[in-house]
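Thanks for coming, everyone. Let me put the chain on the screen, and then we will walk through it.

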Amino acid sequence: MLVPFHLCYSLSGIVTNESGTPITGARVEAIATQTQQRRFSVTNDAGVYYLERLPQGTYHIKINEQVAKPDTLILNESSQHFQELNLKQ
């Protein structure tokens, strides 16, 4: 029996406001542009989020339903499987 193998990626980082202060309790979402599938995380007291099991594709990144900076993430065969991406709201 063959088990299908799907490349997946993990993403983590710190969410800050424009002055660089970490944001606690922020909802970070990665939304796949083609399927609209969503993965989300809520930041901890240090502003850290963690998203996992992201398949290859292009994602829009939002924080509390607002566009994040950066706002787009592309995961493909040349991407590292674990990435750090700090975000600003």
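**Charges, fold and a few odd residues**

Let's start with charge. The chain carries 7 positive and 8 negative side chains, and the centres of the two sets are 5 Å apart. Lys and Arg count as positive, Asp and Glu as negative, while His and the chain ends are not counted. Each charge is placed at NZ of Lys, CZ of Arg, CG of Asp or CD of Glu.

Now the ground rules. This is a predicted model: local features need pLDDT of at least 70, side-chain atom pairs count only at pLDDT 80 or more, and totals for chains, interfaces and linings use all residues. Residues are numbered from 1 along each chain as its sequence is written, and side-chain values use heavy atoms, with hydrogens and water left out.

Next, the overall layout. The chain has zero helices and eight strands. Both are DSSP runs, numbered from the N terminus: helices are H or I with at least four residues, strands are E with at least two. Along the sequence the pattern reads β-β-β-β-β-β-β-β.

How does the radius of gyration fit a compact globule? For 89 residues, such a globule would be near 12 Å, and the chain has 13 Å, which agrees. The radius is taken over C-alpha atoms, and the globule rule is 2.2 Å times the number of residues to the power 0.38. Along its principal axes, the C-alpha trace spans about 50 × 25 × 20 Å.

On to surface and packing. About 5700 Å² of the chain is exposed, and carbon and sulfur atoms supply 54% of that area. Areas come from the Shrake-Rupley method with a 1.4 Å probe; for residues, only the protein chains shown count as cover. Of the 89 residues, 34% count as buried. Buried means under 20% relative accessible area, exposed means over 50%, and partly exposed is in between (1.4 Å probe, protein chains only). Contacts next, meaning heavy atoms within 4.5 Å. Of those with a separation of 6 or more, 56% come from residues 24 or more positions apart.

Back to the charges, this time in pairs. Side chains of opposite charge can pair when their charged atoms come close. Our salt bridge rule is a side-chain nitrogen of Lys or Arg within 4 Å of a carboxyl oxygen of Asp or Glu. How many salt bridges does this rule give? The count is three.

Take E18 and K69. Their side chains form a salt bridge at 3.0 Å, N to O. E18 lies in the loop between strand 1 (8-16) and strand 2 (27-32), and K69 lies in strand 6 (residues 66-75), so this pair ties together parts that are 51 residues apart in sequence. K69 is partly exposed, at 49% relative accessibility.

Then a linked set. R27, E29 and R38 belong to a network of salt bridges. R27 meets E29 at 3.4 Å, N to O. E29 also pairs with R38, with the closest N and O atoms 3.1 Å apart. Is E29 buried or exposed? E29 is buried, with a relative accessible area of 3%. Its partners are another matter: R27 is partly exposed at 32%, and R38 is partly exposed at 41%.

Now some backbone details. The peptide bond from K69 to P70 is cis, with omega near 0 degrees. P70 sits in strand 6.

Which way does phi go at Q36, a residue other than glycine? Phi of Q36 is positive, near 65 degrees. Q36 is in the loop between strand 2 and strand 3 (38-42). Its relative accessible area is 46%, which is partly exposed. N64 also has a positive phi, near 50 degrees, and is not glycine. N64 is placed in the loop between strand 5 (57-63) and strand 6. At 35% relative accessibility, N64 is partly exposed.

Last stop: the loop between strand 6 and strand 7 (82-84), where we find S79. S79 is buried, at 14% relative accessible area. Neighbours within four places aside, S79 contacts Y9 and I74. E77 lies in the loop between strand 6 and strand 7 too. E77 is exposed, at 64% relative accessibility. With neighbours within four places again left out, E77 contacts Y9 and Q56. The C-alpha atoms of E77 and L51 are 18 Å apart, with their positions 26 residues apart along the chain.

That's the tour.
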